[in-house]
Amino acid sequence: MAKGRVTINEMLCKGCELCVSVCPKHVLQLSTTKINALGYNPAEVVNDDCIACTSCAKMCPDCAITVEKLD
Amino acid sequence: MAVIFQKTKALTDVKLHYCPGCAHGIVHRLVAEALEELDEVKNAIVAVPVGCSVFANKYFNFDAIQCAHGRAPATATGIKRVHPDKMVLTYQGDGDLASIGTAEIIHAAARGEKITTIFINNGIYGMTGGQMAPTTLPGMKATTAKNGRDPKINGNPIRVCEMLSALDGPVYIERVSVSTPAQVTQAKRAIKKALEIQRKGLGFTFVEVVSSCPTNWGLTPVKAMEFVREKMIPYYPLGVYKDITAEEGK
């Protein structure tokens, strides 16, 4: 299985949780400690199980997610 | 290591003003990505409506014109007839397209104007605060239908794809959704196909996106997407309603 890495632009994230809901590997969750300038709890990466499926990025309405494929 | 998904250059860096979880952001990105993949970003003009997406011209990194309420197809008609080599789109919500702009969209479609219309159907008026739209489902609550839409009092919802596919002018009509990653992929394919048909100059193309409005539906963004799958899509079935390119291939 391909390995990937998700990077979230926390300044753009509105904490809608759509990325969290579609991730097949439960890589993402909403932060319980951070609040961004918009006043939302941004999504954050909690483990390194990412398979680079880009489901999270496809669902992100704010284009806050970048996905890299690791070789 | 390779970047396999990042924000398209066809969108500007301006922060979207939409509510959390609003599908407008997803569809903006799909339109921008489709134009970028067709290498038509510099050649595109989008007519944006009145509604939540009234400021969409700030987000698209190509030319845009903000139209009077519901009149985007009329404006786009003028643009396309003066600049037949440009890619001309309209981006409209359900209040804009299916209510005040009904006449414009029907006649633009009937005339077979060589434009592409992206229609966002979320079953409610978003910007003005959740009033009942022509596409509100029976039983669905809105600020102007407190106990839920009753067809006996409020009339029946309008299925725009079915209505327009009865006309001779349109060449491609598809209804898609964006409630799952697979549907997002299909939505992009549909938008891209519509733009390719426009580039060939075949006629009017129309893509309806069954969308959500978490704020005015009173649901979380994730629950709103579930509502789309469970309630909206059964009433507004996804699929291709008209495609003359497929008929020609037979």
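Is B:P138, with its C-beta neighbours inside 10 Å counted, best called buried, partly exposed or exposed, and why? Hold that thought while you set up the viewer.

This is a predicted model, in which local features need pLDDT of at least 70 and side-chain atom pairs count only at pLDDT 80 or more, while totals for chains, interfaces and linings use all residues. Residues are numbered from 1 along each chain as its sequence is written, and chains are lettered from A and ligands numbered from 1 in the order in which they are written.

**Stop 1: B:P138**

Select B:P138. It counts as partly exposed because it has 15 C-beta neighbours inside 10 Å. The scale goes like this: 20 or more other C-beta atoms within 10 Å of a residue's own make it buried, 12 or fewer make it exposed, and anything in between is partly exposed, with C-beta atoms placed from the backbone. B:P138 sits in the loop between β7 (131-132) and α6 (151-154) of chain B. Helices and strands here are DSSP runs (H or I, at least four residues, for helices; E, at least two, for strands), numbered from the N terminus. Leaving out residues up to four places away in sequence, B:P138 touches B:R149, B:P151 and B:P157. A contact means that two C-beta atoms, placed from the backbone, lie within 7 Å. Now add B:F227: its C-alpha is 14 Å from that of B:P138, with the two positions 89 residues apart along the chain.

**Stop 2: all of chain B**

Zoom out to chain B, which has 11 helices and 10 strands. Its C-alpha trace spans about 50 × 50 × 40 Å along the principal axes. What radius of gyration does chain B have? It has 17 Å, which agrees with the value near 18 Å for a compact globule of 250 residues. That radius is taken over C-alpha atoms, and the globule rule is 2.2 Å times the number of residues to the power 0.38. Of the 250 residues, 52% are buried. Among contacts in chain B with a separation of 6 or more, 67% link residues 24 or more positions apart.

**Stop 3: helix α5 of chain B**

Next, select residues 102-111 of chain B, helix α5, and colour its buried residues: B:E104, B:I105, B:A108 and B:A109. Look down the axis: they cover an arc of only 120°, so they lie on the same side of α5(B). The arc is that of the directions from the helix axis to the C-beta atoms. An α-helix has 3.6 residues a turn, so residues three or four places apart point the same way. Show what covers those buried residues, including α3 (72-82), α4 (94-100), β5 (116-121) and β9 (204-210) of chain B. After α5(B) comes B:G112, with a positive phi near 70°.

**Stop 4: chain A**

Switch to chain A, with 2 helices and 4 strands, running β-α-β-β-α-β from the N terminus. The C-alpha trace spans about 35 × 20 × 20 Å along its principal axes, and 44% of the 71 residues are buried.

Two residues are worth a click for their backbone. Most residues other than glycine have a negative phi. A:T54 has a positive phi, near 60°. It lies in the loop between β3 (43-45) and α2 (55-59) of chain A, and counts as buried because it has 21 C-beta neighbours inside 10 Å. A:C63 also has a positive phi, of about 50°. You'll find A:C63 in the loop between α2 and β4 of chain A, buried with 22 other C-beta atoms within 10 Å.

**Stop 5: where the chains meet**

Show both chains: 26 residues of chain B contact 24 residues of chain A. On the chain B side, β1 (2-5), α1 (24-37), α8 (181-199) and α10 (221-235) each supply at least two of the touching residues.

Finish on the strands. Which strand of chain A is joined to β1(B) by 3 bridges? It is β4 (residues 65-70), and the two run antiparallel. Strands pair if DSSP finds at least two bridges between them. Put A:K69 and B:A2 on screen, and you'll see them opposite each other. The open sheet has 3 strands in the order β1(A)-β4(A)-β1(B), with antiparallel pairing. β1 (3-8) of chain A and β1 of chain B stand at the edges with a single partner strand each, so one side of each has no neighbour in the sheet.
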